Every structure is written in C-alpha cells, then in structure tokens.
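Thanks for making time this morning. I would like to walk you through one model, going from strand pairing to charged pairs and then to the nonpolar interior, so please keep the sequence and the coordinates open as I talk.

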Amino acid sequence: MAKAKKEIKPTEPEETNFLSRFSPSRQQKITIGILLVLISIAFGLSFISYFVNGNKDQSELGNFTSRNPDIQNWLGKFGAFVSDFFIYKGFGVASFLFVRLLFLTGAYLVLDLAVGKLKKTWFWDIFVIIILSILFGFFGNYLPELGGVIGYEMNLFSQDYIGKSGTLLALIFGIVIYFIFKIKVSPDKIKGFFEKTKNDIKEELKPINNTSSTYNLEEFATDEAAELPVKKFEFQSDEEDLGEITLKPVSQFEINKESLKPTISNASELILETTIKEEILIDNNYKQNENEFVIEKVEEEDIVEENLASRLVADFGEFDPTLDLSNFKFPGIDLLKDYSSGGITINQEELEENKNKIVETLRNYKIEIAQIKATVGPSVTLYEIVPEAGIRISKIKSLEDDIALSLSALGIRIIAPIPGKGTIGIEVPNKNPSMVSMKSVIGSAKFQEAEMELPIALGKTISNETFVVDLAKMPHLLMAGATGQGKSVGLNAVLTSLLYKKHPAEVKFVLVDPKKVELTLFNKIERHYLAKLPDTDEAIITDNAKVVATLNSLCVEMDNRYSLLKDAMVRNIKEYNEKFKQRKLNPEAGHRFLPYIVLVVDEFADLIMTAGKEVELPIARLAQLARAIGIHLIIATQRPSVNVITGMIKANFPARIAFRVTSKIDSRTILDSGGADQLIGRGDMLFSNGNDLVRVQCAFVDTPEVEKITEFIGSQKAYATAYLLPEFVGEDSGIQLDMDISERDTLFRDAAEVIVTAQQGSASLIQRKLKLGYNRAGRLIDQLEAAGIVGPFEGSKARGVNIPDLVALEQFFNNEKNNN
C-alpha cells in the first residue's frame, strides 16, 4: 500500500499542471484564435469565388433579405456581401492580404505566441494594401476589381494634386521603402547576387571550353617550382583572363570552387589569394575546413539579435524617467531680471586713450609695437599687442605695475603670450563695466543648444561670448575668493543653470550651508530636486554634525552605484542609464534609473574647523571615485590652504574658479598660478580646468530671482518625498543594541561588577579581568550600554560609567528584576 501511494503522488502535480494550462484566459485565446482562422478561410473562399461569379452576384445584392436569391458565391449571400465590400468597394486584389493577417493572428492565439510580434506584420501588410490599391487604381476604368473603389478614389485624389507622374513616383518610393525596411534589400545584396550568378555561369562553361588548358595547369599544380612563371603571366593579363585562369586548375577540385569565387575582384587581391590557394591544394581536408569557416553565420545571428531588440523597443518603448512628473514645466526666462542696458557700450575715446598710454609706456622702455588690437568685454577690455622682432616677453611682463600706473587702473593683468596666438594680452578694466545678467546667459543659444550632461552657464568672457561648461566632465569644482567677491552668487548661478536645463528626475542636489542663510531659498524645491537622509527634517544641511553622516551616506550611495554598474557591465552612469532606458536591465534585480547628484558646500573651511578628519575622508573618497557614477562636488571656500583642502582632495579638483583674492600667495594656492589678485571684484573671476585660464564675468542672479524660480517649481506637482540617500550605519552609533534580558551573556553580571569597580568602561578591561576573547567582550560592552550601565562610544576616550559603586549596581539589578 505504501508503494502504491508513492506511485500516485507524482501523477497529481502533472495532472494539475496539465489542467492549469487551460485556464479561462487560455480557453478564450484558443476560441478566438480558431474563430479568426475560420473567418480567414471563409474570406479567402469568398474572395476567390468573387472573381468567378462576382458580376452575377452583384445584381442580386439588392435583394439581400430574400431567402432564395440567385447567389453563386461559395459562401452564399454572406460571401457575396463580404467580397463585394472588400474587393469592389474596398481595396481590390490587395484585400487578399487581410486573409493572411487574420490567419496569422488566429494561429498566434492558438499556439499561445506573443501577439505583440505581429504589430510589424500588420503595419507592413496594411502599407502594401494601400500602395497596391492606389497602383491598381490606374486601371479602375477597365478593371475596377483590381484596385477597388478606395484605391481608385485615392488614385484620383493624388492625381489632382501631383498628377499621374507624381502619383507613380510616390508609389515607386513607397515600394522602395518596403523593400529596404521590410525585405532588407540593399545595393550590396543585389551586387552580390549578380556576381554570384556571373561566377556560376563561368564555372559551368569552363570545363567545356578549356579542357586542354585545364590539363596543362594540373601538371603545373603538381610541381611548386613550376608555378611561379604561371603567376607572373596571369598578373600581366586583365581581370577577366585572371578569373578564368585561376579557376581552371581547380575545376577538378570540387572543394575549392566556392572559396575561389570572391578572388575575382582585382589583380592585387588575386595574386595573394592564388598564392595561398596553390599551397592549399596539397591538403584537401584543410581546404574543406576553410570552406566551412567562410560561411558567415555570425552576421546572420547579429541581424536576428538587432531585429529582436528593435521589436522590443517597438513593443514597449524606451523607459522615460520623467513620467512621474510628466507635466513638469521648466521655469521661464521671464522670471529672471535683465540688468544690462542693451549690451556693451564701447567708449571710443577710452579705447584710444588706453591704447596711446600703453604704446607710450612701452616706448619709454624702448619696446616698439608692430600691431595692437582691442577686444571689449563686459567689465574688461583685452588689448592684444604684437611686439617688434627681438623684444623679450619677460621684459614686457615685468612692466605690469608701470602700465597700471600710466593707465590709473586697478587690476591690470598681462598674459604673455596668449595661448594659441602669437600676441601678448593686456587686460584693462573698463571705467563703466556692464553687468552680465543671468537672463542673457540662460537665454543665449549656446546654453539652450548645449548638448551636455550637466551644463552650467557661468557668465561671459572678454569677447562677450557666453561661457558654458559641463560639470559632468570637470568632474568637481573648487570655488575660492575673498569675502564679498561673488562666491555665493556663483553658486546660485550654477544651481540656476541646472534648474533651467535638467528635469527633477535627472539631477538631485545635496546642499550644505554652514552660513544658514545663503541656500535656504532652495527649501521650496525639496521634493523636486533635493536629496537628504531618511530621518532628517530639513533637506538643506546647516548643522555641521549632520554633514558627516550625509557625506558618509553619499559614500554608501557611491558604493551601491558602482555595484549596479558592475552588474550591468558598463563603465559610467551615462552608459548605465542608456541601458536602463532601453529596458536591458531588470528592476527586480535592484536596477533603477540613477539621477546625477551634485553636492554643494558653501563654506568648506568651517566644516574642516569643526569636524576635521571626519569630513576629509569621505570628501577625498568622493573626489577620487564618484565622477563615474554621477556624484559631483562643488566646494566653495575663502582660501583653499593645505590645512583646509589637502593635496589629495585638491588633486581631484582640476576645475577651479577664483574670484578676487588679496595676495599672490592666495592666487597660487587656488589656481597654482598668479592672476586672481589682479581681478577687480564684483563677479570678475578666472576659470581653470587644468589648462589655460579664462577670464569670465560671472552672471549676476539676485535673491528675488532665485525666490521666483523656486516658487514656480515648488508650486508644481512634486514627488512624495525628497530623494532619500541610503542610511549610514556608523561603527559607534549604528549598532542595534539588544534590550532583552533573557538574551544577555551569562557573564553579564560579572562584567558589570568589573566595570563599576574600575569605573572605566572598556572592552579590553573585561578581556583581562574575565579572560575572554575580544568579540565576547565587545558584545558584553554593547549589552552594558543597552542596559544603561556604561555610556556611548566616544572615539578614543573610554566610555563613561553611569553607576557609581557596587551597592548602586545591586540596587539596579533588583529594580530591573522587579520591573520584569
């Protein structure tokens, strides 16, 4: 009996699985599929019989209600009506393709195949039906059944606008589209087909016409030394002769015929090929293996994979990360204020006066100038001079203070020479500088048409061109300058640029503001653009104690993203997001769309003073590794000295912005070169990305403008919460301590007595006194902390003991026992 039960058990799940295949939805599919197949057969029979008895049946269609009409159609009145509707009144002969479409759809439903794959078939068949019906519409006056009424009317409609010739050309173009995109016909395939046909004809004619020469070449093939004269003779003849002669010796070697076909291209290829093939004639087996390898199966597989990928995109489409906020509207340029007064005003007198003073000052030191040119910018004018031959550049550079004295101007800067030009540049501040508004920069074509991942419009250069850079390629930005020279305005310009260009799904900001007043306006866009830790109330970090947790959380996010990139087998965030959009990554495996994260720190020096090494370590990690996974840092500080920004951090900030500083030492600290001490302030800055310095007038964006932008964005539909960063579990405070008394260690009471007696909470003390291992002593310390006997971890300091003596400890245990 036991054996019988064991034999019955395996059959039960098989029966269940067999019956589960015919679920109600499956039954419906099979029923509908069989119905469609039968309808397609009925349509086919009615269409065929229409061309046999169609004219007779048409006269009887008016008497459709009669039960005894003289209908000759194989499907009776129904067949006569359907065939008349589709063929005569519809699309004519092309209607037979409807039979094919119905049959294929029904077959797919019966066989439980993916019906979505038929989308392209339906599209191209309907496309052909329309083309054929219009084409046959030309014969509508003689054979109306060919194109039908629809085809005839569409043909006439087309002729009214583009004439017969235009209609015919349009139809030919439609046929060409069908052959190229559906049948995949290309000029190379047509050329290869004709070449193959030509070679096949030649092979059939050669054994008949050239038997004697074949015999002679066979003798040469047995002796390798005799082959060389034959090859020289073949090289001197033309391509046709070469083709015939090369194929003659192989006519009796069946294995080599196919491999020799491609060699009839030109003389140089033929010589190389014949040399190899004459040697291979010795070993027929090796030649056969080469023939098998020549079949390019890999290309066919690639084509199939590309078609499947295109079908997948056609069926489902690319993933759109902006769908959650599909109605999001970017802020308009009208929210920004135009501070400029109609562009740069060129003061001809001022330019002439400055030019004369520069020439006169240099002439006093016996420096002649061959040519001088002026380029007027918003706040600075660049004078480019070409000195006479034999003048040392260092001599001109040493006259910087003398030129500044003669011009009575502050902030003279000499560029000797200008990179990429054979000139020396002298930058002179304008007496009436023009303000560069953020509106003019954002509205410029250079910014609007910028194809960058994270475009930032910083301002305008000396040549009055909008200066746009890509934060994703920097990859981190260091901003420095004295107090009141424009650092905070520069940060606002960076953030405003990204708000005008990137959707909330594409970029997130982590804002650190020790001043507590500069970045608070961005609180209104918290649920759109900001990122924060899960348990924090405010997204903008103003407490230096929370900065450490946020930076470490970004490091965890960085590690998680690198794991996703590793699983996706890509190198950077751009490739990963493209792959995710194309639905090549499974969200169930943890994959998700990764937005860029921009960390902005307004006063980095203040963080270093309060947190020190705890801030330096995560910043260094992010600066070194985070660029590939879309985390970019923007750090602003007054003076990036060695104790504020270490050499390791500074090396990973090639992109730097220097506003005006007070000394040359500070300029070299920021830019590794001078120049920042010669700026005139009020947004005048130097930008360096590891190469040359570019002088830029930073765009001015005022607080009311930022407020309008944030209010406009904040008033729109937002995400449920801000972008949540992963929770950081520290070594000291992240341990979940066990409060259950029943799970305490057996030596818990002894460890408590040791700690209270010594008034020192340390795991090493428990190890020594109780002769325990480090792991068990560590667990005892955690349990003592959970019980409240010792205090929390305080770094290098010993833990505090909350119970003063053993009497108090005994009372503690008694109270604990009574409570439980």
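Let me start with a single pairing: L477 has A655 as its bridge partner in strand 12. That bridge belongs to a set of four which join strand 7, residues 477–480, to strand 12, residues 655–658, and these two strands run parallel. I should say at once that this is a predicted model, and everything that follows should be heard with that in mind.

Stepping back from that pair, we find an open sheet of nine strands, whose order is 6-5-14-13-12-7-11-10-8 and whose pairing is mixed. The edges are formed by strand 6, at 466–470, and strand 8, at 507–512, each of which pairs on one side only. If we ignore direction, neighbouring strands of this sheet are turned against each other by 30° on average.

What packs on this sheet? Helix 25, residues 604–611, does so, touching strand 8, strand 10 at 596–601 and strand 11 at 631–637, and the direction of helix 25 makes about 90° with that of strand 11. Helix 26, residues 613–625, also packs on the sheet, where its contacts are with strand 10 and strand 11, and its direction makes about 125° with that of strand 11.

For context, the secondary structure of the whole protein comes to 33 helices and 15 strands. Among contacts between residues at least 6 apart in sequence, 67% join residues at least 24 apart.

Now to the charged pairs. The count for the model comes to 24 salt bridges, and I will take three of them in turn.

In the first that I want to show, the side chains of E384 and K373 meet at 4.0 Å, N to O. E384 sits in strand 2, residues 380–387, and K373 in strand 1, residues 369–376, with their positions 11 residues apart in the chain. Are the two partners buried or exposed? E384 has a relative accessible area of 6%, so it counts as buried, whereas K373, at 45%, counts as partly exposed.

The next pair is R413 with E427, whose side chains form a salt bridge at 2.9 Å, N to O. R413 belongs to strand 3, residues 413–415, and E427 to strand 4, residues 424–429, and they are 14 residues apart. Here both ends are buried, R413 at 8% relative accessibility and E427 at 3%.

The last of my three is R695 with D684, at 2.6 Å, N to O. Because R695 lies in strand 14, residues 693–698, and D684 in strand 13, residues 684–689, this salt bridge ties together parts that are 11 residues apart in sequence. R695 is buried, with a relative accessible area of 5%, and D684 is buried as well, at 1%.

How are these residues linked beyond the separate pairs? R413, E427, D684 and R695 are linked in a network of salt bridges.

Let me turn to the nonpolar interior. Of the 820 residues of the protein, 43% count as buried. The largest nonpolar core holds 104 residues, and the members that touch the most others are F509 and F604. Helix 23, residues 544–568, supplies the largest share of this core, with nine residues. Leaving out residues up to four places away in sequence, F509 touches L495, L498, L499, Y529, L530, A531 and V598. Apart from this core lies another one, of 21 residues, which includes I766, L780, I781 and A787.

I will close with a loop. N802 is found between helix 32, at 774–787, and helix 33, at 806–819. Which residues does N802 contact, once its neighbours within four places in sequence are set aside? They are G788, I789, V790 and G791. Although N802 and G788 are 14 residues apart along the chain, their C-alpha atoms are separated by 7.0 Å, and the side chain of N802 reaches the backbone oxygen of G788 at 2.8 Å.

That is where I will stop, and I am glad to go back to any of these places on the screen.

Technical notes
Residues numbered from 1 in each chain as written. Predicted model: local features only at pLDDT ≥ 70, side-chain atom pairs only at ≥ 80, totals over all residues. Heavy atoms only, no water. Pairing = 2+ DSSP bridges. Axes fitted to C-alpha atoms, helices over the stretch in contact; angles between N-to-C directions. Contact = heavy atoms within 4.5 Å. Polar contact = N/O pair within 3.5 Å; in protein donor to acceptor, adjacent residues only side chain to side chain. Buried < 20%, exposed > 50% of the residue type's maximum accessible area, 1.4 Å probe, protein only. Core = buried A, V, L, I, M, F, W, Y, C linked by side-chain atoms within 4.5 Å.
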